[in-house]
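Trainee: Could you take me through one part of this model closely? I would like to look at the sheet and what packs on it, and then at a few side chains elsewhere.

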Amino acid sequence: MNRIRIDKKGGAEVESTYKTRLTSEQLNAIAKQHFNTGIQEYREMIDGWANHAYYISLGNGQEVVLKIAPSKVGKPLRCEQDLLMAEVQALRLVGELRDVPVPRVLAWETTCSLAPAEYFMMEYMPGMPYNKVKEQYSAAEQAEIEEQLGAFNRRINEIKGEKFGYFSEKKPKYNTWKEAFLSLMDDLLTDGREAGVKLPMDYDELAQLIREKSDVLSDVNEPVLIHWDLWDGNVFVEQGRITAIIDFERCLWADPLMEHYFSHFNYTKGFVKGYGRAITTESERKRRSLYDLYFDLILWIECEYRQYDNKEHIQWAIHNLEEGIERFRLS
């Protein structure tokens, strides 16, 4: 996700009902299946929001991470279907660049013979999530880290696609970015309607406003791979250097300006310097307003789907959306 939320700005943790949890016996059986050795120790990695992860130290000394999809219970958001498959394939694709630090995929299991959901295993990467150590760095050091991030993000966006849309092979693709983005938005608004989520604006009126402002999307002609969820929590840092970029599960074939560090939450000078591109034209500003609205809507609608129990976060999400809709009106 996995994404900017109130807890990630220093507030309380938010727990999701999505997660699939495994016993030590299940983890041990999985380790023996793929690595011919048992587990020495393990721990839950609690920062995920949909898929769930475990750090595992194997009997042979190797350190790995197991990531498992939500069990097939309940109904996920349309944009959260087939996330694990998308992440495995995206990690392999980005890994081919060689100069972007991403974990290698070591195993991928879809049979559900040893666990109640599909999972994959990847190498353990050193470092700490940037959001957890950011305040330990000076402003100048943060700018350097974010410059690195901009450069890595640009490299990811240099991977070209054939059509626009969700990365998952199971999802439809589109010849134009306008068609693809409006499909993403339609999926999200349909999810909100079906779950009875109340918005600060009537659904039909909001959908009409989005369509009225969507012509600028036709200015995007080339689909590129975007991470989309590259916020501080998905960037690992050690001694002022980025050691890993993780969580490619939500990647898209899209407009690179949809990347998170171009959003109203971040967009720092360091990132822009490293990326080598800023938002400068009227078309770019109007496109970014559409992407900001999409993200603000997700942050609110997903509260119902994931049944978050943190009232502070829920209040923040609706307030953020109210501000987001107002910004969008004026864009």
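Mentor: Happy to. A word on terms before we start: contact here means heavy atoms within 4.5 Å, and angles run from 0 to 180 degrees between N-to-C directions. Keep in mind that this is a predicted model.

Let's begin with the sheet. It is open and has five strands, arranged in the order 1-2-3-5-4 with antiparallel pairing. Strand 1 (39–45) and strand 4 (105–109) are the edge strands; each has a single partner, so one side of each has no neighbour in the sheet. From one strand to the next, the twist averages 20°. As background, strands of a sheet pair through backbone hydrogen bonds, either parallel or antiparallel.

Now zoom in on one pair. Strand 1 and strand 2 (residues 52–58) run antiparallel and are joined by six bridges. If you want a landmark there, find R43, which stands opposite Y55 in strand 2.

Next, look at the helices on the sheet. Helix 1 (residues 24–35) lies across strand 1, strand 2, strand 3 (63–68), strand 4 and strand 5 (119–123), and runs at about 120° to strand 1. Helix 2 (residues 83–95) also packs on the sheet, where it touches strand 3, strand 4 and strand 5. The direction of helix 2 makes about 150° with that of strand 4.

From the sheet, let's move to a side chain in a helix. E146 belongs to helix 4 (residues 139–157). Is E146 buried or exposed? Its relative accessible area is 5%, and buried means under 20%, so E146 counts as buried. Which residues does E146 touch, leaving aside those up to four places away in sequence? They are Y130, K134, Y261, T268, G270 and F271. With T268 there is also a polar contact of 2.9 Å between the two side chains.

Finally, the cysteines, which a bench biochemist may well ask about. How many disulfides does a search of the whole structure find? The answer is zero. C79 is in no disulfide, and its nearest cysteine sulfur, that of C251, is 13 Å away. A disulfide needs the two sulfur atoms within 2.5 Å. C79 is buried, at 15% relative accessibility. Seen from the other end, C251 is in no disulfide either, with the sulfur of C79 as its nearest cysteine sulfur. C251 is buried too, at 3% relative accessibility.

How values were computed. Residues are numbered from 1 along each chain as its sequence is written. This is a predicted model: local features need pLDDT of at least 70, side-chain atom pairs count only at pLDDT 80 or more; totals for chains, interfaces and linings use all residues. Side-chain values use heavy atoms; hydrogens and water are left out. Two strands pair if DSSP finds at least two bridges between them. Helices (H or I, at least four residues) and strands (E, at least two) are DSSP runs, numbered from the N terminus. Buried means under 20% relative accessible area, exposed over 50%, partly exposed in between (1.4 Å probe, protein chains only). A polar contact is a pair of N or O atoms within 3.5 Å; within protein, one must be able to donate a hydrogen and the other to accept it, and residues adjacent in sequence count only if both atoms are side-chain atoms.
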